[in-house]
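Biologist: Got a minute to walk me through this one? I'd like to get a feel for the fold.

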Amino acid sequence: MSGTILSVLRILLSGRALSSVALGLLVAGPLAGQFGILEAVTKALPWTLLALGGFELNDWFDADKDRLIHSTRIIPAGRASSGIVLAVAALSILMAVVSGLQLNTTSSEVLIFLGATVGILFYSNFAIKFAPFKIFYAAFLCTLPLMFVLAVRHYPPVYWWTCVASFLFFCGRELLMDVRDVDGDLAGGMATLPSRLGSSASVNIAFGLIGVGLISIVPAALAKGSILFAIGFGASAVVVFVAASIWRVSSLREQRWIVVGMWIPMVIGASVLI
């Protein structure tokens, strides 16, 4: 029993869990202006649970491949058994669905949330069968929380450009991750885009997508008219330029941190909704 509790705690204190909480905060932030902090956090809770469940389900599904290329992840590293990871995934998704159906009050909110749930359940199978297109699938899933925020708060149409920006950003980020994992993915039977296009071309496309995503946020930024956001936008452009410039001379470890750093322009872009 103590071993099971320790394994669950390791999952709840992992980077996956922190990313799930961060996603919830990104949903709650824009909603707080309309509902207040407590209700906004409550409304974002199903998204946090769904993200955690999705991460753990993916870890369970990819356990064999991760033993080849991601030995530090929770199952290959022995921090939790595959059975416990699957149980946490199932319970998190179940709690997400139950709370989501209780807290989401309009048909658009329910449809977006259930769409995200179904998408997460089938992501790993899609990634195996249609590996070259999994970046688009993942990017669409990652954009759904933003669509949820826009649907709940009824922003003017110009703010839907943030969804275009989000989709392009995530496509680029996912492609960079596939470049880093190309050898392991091939060993696991997944012929992703970098294995077909080559790593160099894929990196160019990835940063091109991120750059176009940055430009796509401009209509919403102009509508907001915030000096502070304009400064953040400029900082995001610098981050992307520096990342693109140093990628090819960076080690795999450094490239990992570049990928993590791509959250900076994405978070700044999402702040246009606050």
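**Inside and outside**

Modeller: Sure. In this predicted model, buried residues make up 46% of the 274 residues in the protein chain.

Biologist: What's the secondary structure of the chain, in helices and strands?

Modeller: The protein chain has 15 helices and zero strands.

Biologist: And what about the radius of gyration, next to that of a compact globule?

Modeller: The chain has 19 Å, and a compact globule with 274 residues would come out near 19 Å, so the two agree. Along the principal axes, the C-alpha atoms fill a box of roughly 50 × 45 × 30 Å.

Biologist: How much of the contacts comes from residues 24 or more positions apart?

Modeller: Those account for 71% of the contacts with a separation of 6 or more.

Biologist: OK, the core. Which residues touch the most other members of the largest nonpolar core?

Modeller: That core has 64 residues, and W47, L50, L176, F207, W247 and L273 touch the most other members. Helix α7, residues 134-153, gives the most to this core, with 12 residues. Apart from it lies another core of eight residues, including I75 and V88.

Biologist: What does W247 touch?

Modeller: Skipping residues up to four places away in sequence, W247 touches L176, V179, R180, V203, F207, Q255, I258 and V259.

Biologist: Now S202. Buried or exposed?

Modeller: S202 counts as buried, because its relative accessibility is 0% and the cut-off for buried is under 20%. S202 sits in helix α11, residues 199-216. Leaving out residues up to four places away in sequence, S202 touches L175, V179, L193, P194 and L197.

Biologist: Where is L101, and how exposed is it?

Modeller: L101 lies in helix α5, residues 82-103. L101 is partly exposed, with a relative accessible area of 45%. Beyond its neighbours within four places in sequence, L101 is in contact with V110 and L114.

Biologist: How far apart are L101 and P46?

Modeller: They're 55 residues apart in sequence, but 9.0 Å apart in space, C-alpha to C-alpha.

Biologist: Last residue: A127. Which helix is it in, and what does it touch?

Modeller: A127 is in helix α6, residues 107-129, and is buried at 5% relative accessible area. Not counting residues up to four places away in sequence, A127 touches K134 and M190.

Biologist: And the surface: how much area does the chain expose?

Modeller: About 13200 Å², with carbon and sulfur atoms supplying 72% of it.

Key: Residues numbered from 1 in each chain as written. Predicted model: local features only at pLDDT ≥ 70, side-chain atom pairs only at ≥ 80, totals over all residues. Heavy atoms only, no water. Core = buried A, V, L, I, M, F, W, Y, C linked by side-chain atoms within 4.5 Å. Buried < 20%, exposed > 50% of the residue type's maximum accessible area, 1.4 Å probe, protein only. Helix = DSSP H or I, 4+ residues; strand = E, 2+ residues; numbered from the N terminus. Contact = heavy atoms within 4.5 Å. Rg over C-alpha atoms; globule rule 2.2 N^0.38 Å. Areas by Shrake-Rupley, 256 points an atom, 1.4 Å probe, with all protein chains shown as cover.
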